[in-house]
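Let's take a walk through this structure together. Keep the 3D view open and turn it as you read.

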Amino acid sequence: MNAIELKGLTKRFGNFTAVDTLSFNVKAGTIFGFLGPNGSGKSTCIRMLCGLLEPTSGTASVVGLDVVKEAEQVKRSIGYMNQAFSLYRDLSVSENLDFFGGIYGLKGERLRRRKSEVIDLVGIAPYVDRQSGQLSGGWKQRLALAAALIHEPELIFLDEPTAGIDPVARRDLWDLLFELASAGKTLFVTTHYMDEAERCNEIAYIYLSKLMVHGTPDELKRMEEVSPQGTRRIAISAQNPPVALSILKKEAFALDATLVEAEIHLLLPTDTSDTEVQRVLAAQGVTETKTRPIDPSLEDVFVTLTRRLAKA
């Protein structure tokens, strides 16, 4: 069963095409990553899927509802949480949840029950009487998630939900998302963090309004564009990684080289040995190097695709 279905979805503003014939499905009960550079059309696509913006052409359904013909039902059937804290800062946590519950038609015992449930789910009980504007970034995002869930939607859109919050809060928020997914919720997530993309069941990557690839993280890493035949990837540790990187970038065998934490990740021909790489570095005074084979990361996937498309 699909929670979202797109077929040829397109949005034009005058002569500008913001979303160009997108077609893909999102399975119910999965975490779906929607990735692409800024300005690629992600937010426009989400606005159409939420029933906020009418497509120029193509079709889309969300939880079985047509986003054009049944736009109002779509809005009531989904949850939405964006990167910017959008709740009322001068209202308390409790008052915000009362307000948003009321927007979705919750009242009386049902509102009290759902309010209690989402407060427990996101762990914000110690702050229910605090003005939301006085919360830290991580707690604001928890409150925003609680508000998005209060009407019990089966599908939640999360537009860069962890942007601007600290690593601990980011990990905690993802733990909550995994809990929701395990309960059968469908999560449609945009993010620029590659470690978050790795956590998604499937990923769609768009560039300049078009869908470039769609698949599981493992499927995308196995693409020939990312790891062409006759190449391999290695990680190199060295005493001075930035110096070693500058040396390797000048070599013909360095098909791609970048610094990841304290290691150099290098794409090179299979017939170029680790010993040859170490010899080149040693000749420039970089000794005591170690190498190990590695698989491509999702960052490698998106950097490779973006560079290739930018040159096209």
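The second largest pocket has a volume of about 250 Å³, and keep in mind that this is a predicted model. Around this pocket you'll find Glu 225, Val 226, Pro 228, Arg 233, Leu 255, Asp 256, Leu 267, Thr 304, Arg 307, Arg 308 and Lys 311. Sorted by class, that lining holds 6 charged, 4 nonpolar and 1 polar residues. Helix H11, covering residues 298-311, is the top contributor to it, with 4 residues.

Now swing over to the largest pocket, at about 360 Å³. It has 16 lining residues, and those closest to the centre are Tyr 80, Met 81, Phe 100, Tyr 104 and Ala 148. Here the lining is made up of 13 nonpolar, 2 polar and 1 charged residues. Strand S6 (78-82), helix H3 (93-103) and helix H5 (137-149) each bring at least two residues to the lining, with S6 giving the largest share, 4 residues.

Next up are the aromatic rings. The whole structure has 11 aromatic pairs. Take Phe 24 and Phe 34: their ring centres are 5.9 Å apart and their planes meet at 45°, so this pair counts as tilted. Phe 24 belongs to strand S2 (residues 16-27) and Phe 34 to strand S3 (residues 31-35), 10 residues apart. Phe 24 is buried, with a relative accessible area of 4%, and Phe 34 is buried too, at 0%.

What about Phe 32 and Phe 188: how far apart are the centres of their rings? The answer is 5.5 Å, and with the planes at 20° the pair is stacked. Phe 32 sits in strand S3 and Phe 188 in strand S8 (residues 186-190), so the pair ties together parts of the chain that are 156 residues apart in sequence. Phe 32 has a relative accessibility of 1%, so it counts as buried, and Phe 188 is likewise buried at 1%. Step back a little, and Phe 24, Phe 32, Phe 34, Phe 157 and Phe 188 make up one aromatic cluster.

Rings can also have charges over them. The charged end of Arg 170 is placed over the ring of Tyr 193, 4.2 Å from its centre. Elsewhere, Lys 11 lies over the face of Phe 13, at 5.3 Å from the ring centre.

Arg 170 brings us to a last stop, since it is one of the residues touched by Glu 196. Buried or exposed, which is Glu 196? Its relative accessible area is 0%, so Glu 196 is buried. You'll find Glu 196 in helix H7 (residues 194-197). Leaving aside residues up to four places away in sequence, Glu 196 touches Thr 162, Arg 170, Trp 174 and Thr 191.

How values were computed. Residues numbered from 1 in each chain as written. Predicted model: local features only at pLDDT ≥ 70, side-chain atom pairs only at ≥ 80, totals over all residues. Heavy atoms only, no water. 1 Å grid on protein atoms, 1.4 Å probe; cavity = no way out; pocket = protein on both sides within 12 Å on 5 of 7 lines; lining within 4 Å. Points joined across faces, edges and corners; volume = space filled by probe spheres on them. Nonpolar A, V, L, I, M, F, W, Y, C, P; charged D, E, K, R; others polar. Buried < 20%, exposed > 50% of the residue type's maximum accessible area, 1.4 Å probe, protein only. Contact = heavy atoms within 4.5 Å. Phe/Tyr/Trp six-rings, centres within 6.5 Å; stacked < 30°, edge-to-face > 60°. Lys NZ or Arg CZ within 6 Å of the ring centre and 35° of its normal.
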